[in-house]
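Let's take a walk through this structure, following its charged side chains. Have the model open beside you as we go.

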Amino acid sequence: MWDYSIIFDFLLAMKIQKKQATFWFCFLLWTIPVCAQQYPFQTIGLADGLPSTNLTDLLQDQRGYYWLASEGAGLLRYDGYTFVPVSNNMPVPFLFIYSLAEDEQGNIWFGSEKGLVQFNGLRFKEFSPLTESPIACLLPMAEGIVWALTRKGTLLKVEGDSLRVVPGPGNFTALAGFKDTVYVGGQTGLYRVDTQTVQLDSIPVMAMRANEQMLALARENGLEIKFPDGTGRTLLRNKRMTALSLGQNKVAATDGSSWFLHQVNGNTTELTSEHLLPDQKYGSLYFDKLDVLWGLGNENLTQLGQFASVLHQSDPPIAVSAVVEYRGTQMAASPNQLWKVNADQALEPVTSPDFGTVQALSVYKDALYLGTERGLYRYNGQSFSKLRLGTQPSEFIFSLLAANEALWIGTGSGLLKLSENGLSDEQKKHNLPASTVFGISQSPEGAIWFATYFNGFYRYKDGEWLLRADRAFNLGIDSLQVNAFAAATDESLWLSTANEGLIRAGEEGKVQISGSRLDFAEITSLQLSDNYLWAGSNKGLFKIYPDPQHSRAFLVNLLQKNEGFTGGACTNNALYIGTSGILAGTEKGLQQLSYEDLSPPKKLMLALTEIELFYGDVQGIAQYAKDTLPFSQVPFQLDLPYNLNFVSLALAGIHPLLNEEVTYRYRLRTQEEGEWTNAGMRREAVFSNLKPGSYTFEAQMSFDGITWSNPLLSYSFSIQSPYYQTWWFISFIVLSAAALVYVFVNERAKRLNQKLILENQLINMERKALRLQMNPHFIFNALDSISSFIFKQDPKMAVRYLNNFAKLMRLTLESSMEHLHPVETEVSILKNYLELEQLRFKNKFTYGIEVDEEIDYDVYIPPMLIQPHVENAILHGIKPKEGNGRIDIRFILEGEFLICEIEDDGIGRKAAKELGARKDHRSMATRINKDRIRLLKETLNDDISIEIIDKFEPGGGANGTKVIIQLFAESP
């Protein structure tokens, strides 16, 4: 752009008087061309990491990576952030590369000063070296065939592993494939290559490019375009182009300094330094897969975005106060003038009357209406007419809106409506507040909102009016100074305020976007489009949209130059959403932005560019991978030691213009789905102290925080377990421990078993000893009774007693060797014993023995367990009693228990204790039986219990004793 202050200073420096300098300055101001249409160029140079400015070719592959051929730095890979040398990894580095191409399989081909090389992302394959000349042009075709052209004009063909020279006139400079046919061109004209090389014409060809839509040739007489149907056209006549590139329905060419952009169905635009094109020498142009145009200059890389986003200007530039789209043409208004965008994308004045400042534009019934300071004007595409608005011929019009088959007109004194029924004064008709209506907006649902200076907002919906809707909906905006508004819904509004930023208020509450988030800009216009709120301000145009991660929160983006917004400050209420995109009135002219440019790219390309380790063998990461991922050079199937578990993964959202606005999210999965981490614009994911196991890293990118790239970027790796956690080490430890435990337990079990055997033997011996202790006691008492009968000369009783005694001794000896015998045997012993005692005490007592019918021969009992208690009943209960007594013995089976009861009607334990015992007699029966029960508990683990109950008569006198013995009913 021209800096007029420099011109003025130059005139003064030439010693021209100030008046003369002013005159010449004004003269030059009118004669020097003003700044032309501006375009959003960006540059990438050495300061941005570009290794070399001697670039010869550019290619974007199907994965999204950019590849650059250079002289000196070799083959470079660019991910939008970093340049990575690739051909330096070859055994003999290729540092001078002149051409690039990609085949259908995704292999990268490049031609160098040494020959032709194929790169499959992992390995380089060299073809026969050429000493004649470097390869300047490459053309991959179907079936693995690749055509190449050397700098000296020799045509080569690669089939399989062979490289051969194609016969022909030579001296070719251009190569292209169109409709499955190979074309070459040079100073002698255009040729078709088939079974032989056939000349088609003799017009020199400097450059040639082709795609499915067209074949473009740069010739001495201009730019020639051929279409598949055989038609064509010639452009840029008498201009000599040195490089070409084809995009979607567009052609780009350069003569080395300027760029020429041609829309197939439109016009051709020349871009120079006046359009902000960097001033340098351009050797090549390239349209990438996103239709971004790149220029390879001798100082830097230059990018031009999709140039549908343009700034329409006049000469000189004017500030636009209102915008609209009328009959497919973009219209703009400035003070005292209406403008339209012409075929050259410039603002062209429309002959119009003097209507003063234009506040609003609106289209109603195929006519353009202008709201001005001098009233309402109608434009039918050819002429203007002024409409009389009631009694006020020159009513000041502040706002217009065509909605609901009517044109709503906001004036300085109220609201009017123009419809098929004519003009009506809504102010009087519906008794609306008398106030200036400075804004009108329609909600997506259809309600129309009106903003006034002194009476708030009111709403028209379904034929009904709601006055002071801001109070009815509890918007609470009386204290706010509103600059602009937009109807968000039937029940809520977007408001730009002077003191509290941007507010969305309504029945659902209030959401505020502070001034700091808006860079303290003054919002002067608001428009809604789908999920986006567009806000014009003194700092440019804001794009505001919902935050997908937080409800009732919004993201704010100020459109930058790389997004096509070059108009600078937006003017008041000059914002329009049309079919061609967004029209914004600015201080520099009319800015037009297409929806396609502002919406997220349809194809989002995300790459994993690097993996780093920390706190370990950082440089040797490749040794832990089985291979390398093609083209990205990232280690594949990474298996890291347990102590290298601090991992960093770098991402790159590949977009040539918007890479600085890409946001990322990622997660690390094990067996379960992990939670997403929203990283914002941070491209690095860091994970520390990862536990051993298998992991899958997944990532996505987004330009708006709503639409995320799909499919997911996925990368799997693993962390090894430490040796002491491996299965073989744990198995060894477990087996060793098990062996030691087995040996220890087995040895201890042997010792315990031997000890138990000895203890059992000892207990058995003790048991037998106790039984033997009881036998002498019986023998002593029995012999004493026999001797008594003999002494009394009663041989008959002595013989009878002796027989019973012998029988008892036999049963006792038989059972003394066993620790259990049947209940039946125990009953036999007791009967013999009781009969002996009856003889001894001359039938002093009678007895009874009852055995439960459920007790059979397989119920066992310890020998001589009942006898001691029967003996006590006889000696200490019945014998001291006056008169005869009785002893009852019962064997009862209750579940698993055998109950033995010994009951007598003697004098009882208390009276027996009072009588005392003979001094020369020690009653051992009870003590011996207690010892036996203790031993039985230890050996049999049985729950044996003895309960002795004193019996009493109703009067309280003793009436004998009852002994209850409970033990398990044992089996043999």
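Which side chain does Lys539 meet in a salt bridge? The partner is Asp519, with a distance of 3.5 Å from N to O. Both ends sit in loops: Lys539 in the one between strands S51 (532-537) and S52 (540-546), Asp519 in the one between S49 (509-513) and S50 (523-529). That puts the two residues 20 apart, so to speak linking distant parts of the chain. Lys539 is partly exposed at 40% relative accessibility, and Asp519 is also partly exposed, at 40%. Keep in mind that this is a predicted model.

That pair is one piece of a bigger set, as the structure holds 27 salt bridges. Now move to Asp201 and Arg219, whose side chains meet at 2.9 Å, N to O. Asp201 belongs to strand S17 and Arg219 to strand S19 (residues 215-219), so this contact ties together parts 18 residues apart in sequence. Asp201 is partly exposed, with a relative accessible area of 21%, while Arg219 counts as buried at 0%.

Asp201 has a backbone story too: it is the bridge partner of Leu190. Strands S16 (residues 189-193) and S17 (residues 197-201) pair antiparallel over 4 bridges, forming a hairpin with 3 residues in between.

Next stop, Asp490 and Lys461, which form a salt bridge at 3.1 Å, N to O. Asp490 sits in the loop between S46 (482-489) and S47 (492-497), and Lys461 in strand S44 (residues 457-461), so the pair ties together parts 29 residues apart in sequence. Here Asp490 counts as buried, at 8%, and Lys461 as partly exposed, at 24%.

Note on methods
Residues are numbered from 1 along each chain as its sequence is written. This is a predicted model: local features need pLDDT of at least 70, side-chain atom pairs count only at pLDDT 80 or more; totals for chains, interfaces and linings use all residues. Side-chain values use heavy atoms; hydrogens and water are left out. Two strands pair if DSSP finds at least two bridges between them. A salt bridge is a side-chain nitrogen of Lys or Arg within 4 Å of a carboxyl oxygen of Asp or Glu. Buried means under 20% relative accessible area, exposed over 50%, partly exposed in between (1.4 Å probe, protein chains only).
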